[in-house]
Amino acid sequence: MTPKLKSTATAGLLAGKVVLVTGAASGIGAAAARAAAHEGAKVVLADRNAPGTEEIATGLAKTGAEVLAVTVDVSDAQSVTAMIASVTKRFGQLDAAFNNAGIGTLETRAVGNRAGDLEEDSWRRMLDVNLTGVWLCMKHEIAVMARGAAIVNMASIAGLIGLPRAAHYTAAKHGVVGLTKAAAIDYADLGIRVNAICPGFVETPLTATSNAEKRAASVAKTPIGRYATAEEIAAQAIWLMSDHSGYVTGAAIAVDGGYTAT
Ligand code: NAD
């Protein structure tokens, strides 16, 4: 059975911070935006899905949270530049960012393809969004961040091990882990921490299309024996963006129900 997180237990972890979440219109990003607001942050919700972002932001504003909704394509440098300009115009600072926006194999029409059978456009689209998108966001976030800031990049267990029939996704997520480690070293002396989280299988729209057989196989390989909730993944991102993880940088933390421990 999936345990319910007691969301009131840690309220205030991000008090006073301006937090940016990309991919905030759905799944893990939406859960992270809600959790960040709950922890006292001013939250910038960014996604390519404008109506979805507005909907989540409006819901949060009704709870009294200070929010800003921004439409962005993380794979487009101009769009990312404009996103950061909106953040600084509205809040004048950026303390933490969760670079979470990403796509799965379905969006690149490459389900079930072996590495050599991937079309070049599928490969490039995957790398553009899931790796270059993270780098572009980080580049422009760091430019406006001050000492004490924290970045969390979304990787996956596919950033730690190979996943079958998903070579482009696996390559992109390994890239995110490498980028995270290199950037953590580059910015440690400037007081900016950079970490990655590596979820296993999570209950979100991204995985909702998996067939029953594939789901059962994923659960069977996961020692905890179920998919994660989006909230369980978001909770790790919140901790890594908070001062409670002040000595953690360059880490790629598996949040996978034990999948990569087997
Ligand atoms: P999701 O599809 O529910 O949410 C992804 C969000 O990213 C969507 O709102 C989408 O509009 C947005 N997005 C996609 N491309 C974008 C772009 N170019 N610019 C801006 N926004 C864009 O999926 P999710 O499961 O919440 O996935 C979030 C992240 O978690 C992804 O990076 C994914 O690879 C990663 N992840 C998911 C799982 C899982 O099992 N669901 C496991 C490991 C890692």
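1. In this predicted model, the stretch covering residues 17–200 is 46% helix and 17% strand, and the C-alpha atoms at its two ends are 28 Å apart. An unreviewed UniProt entry places the feature "domain: Ketoreductase" at these positions, residues 17–200.

2. A second point concerns the surroundings of the ligand, where 30 residues are found and where Gly 23, Gly 27, Gly 102, Thr 204 and Leu 206 come nearest. Two or more residues of this shell are given by each of α1 (27–38) and α4 (120–142), and the largest share, three residues, comes from α1. Sorted by class, the shell around the ligand holds 13 nonpolar residues, 14 polar ones and three that are charged.

3. Helix α1, besides its part in the shell around the ligand, also packs against another helix, α7, which spans residues 230–241. The axes of α1 and α7 come within 8 Å and cross at roughly 55 degrees; an angle of 65 to 115 degrees would count as roughly perpendicular and one under 35 degrees as roughly parallel, and α1 and α7 are therefore oblique to each other. The crossing in which α1 passes α7 is right-handed.

4. As to which residues make the contact between these two helices, α1 contributes Gly 27, Ile 28, Ala 31, Ala 32, Ala 35 and Ala 36, while α7 contributes Ala 230, Glu 231, Ile 233, Ala 234, Ala 235, Ala 237 and Ile 238. The contact of α1 with α7 is made up of eleven nonpolar residues, one polar residue and one charged residue. Gly 27 of α1, listed in this contact, is also among the residues that come nearest to the ligand.

5. The other helix that gives two or more residues to the ligand shell, α4, has a crossing with helix α3 (residues 77–91), in which the two axes come within 10 Å and cross at roughly 35 degrees. This crossing of α3 and α4 is likewise right-handed. From α3, the residues Ala 77, Val 80, Thr 81 and Ile 84 meet Leu 136, Cys 137, His 140 and Glu 141 of α4, and by class this contact has five nonpolar, two polar and one charged residues.

Definitions and conventions
Residues numbered from 1 in each chain as written. Predicted model: local features only at pLDDT ≥ 70, side-chain atom pairs only at ≥ 80, totals over all residues. Near = placed C-beta within 6 Å. Helix = DSSP H or I, 4+ residues; strand = E, 2+ residues; numbered from the N terminus. Nonpolar A, V, L, I, M, F, W, Y, C, P; charged D, E, K, R; others polar. UniProt positions renumbered as here; feature names shortened; annotations may be inferred. Axes fitted to C-alpha atoms, helices over the stretch in contact; angles between N-to-C directions. Parallel < 35°, antiparallel > 145°, perpendicular 65-115°, else oblique. Left-handed = near helix turned anticlockwise from the far one by under 90°. Contact = placed C-beta atoms within 7 Å.
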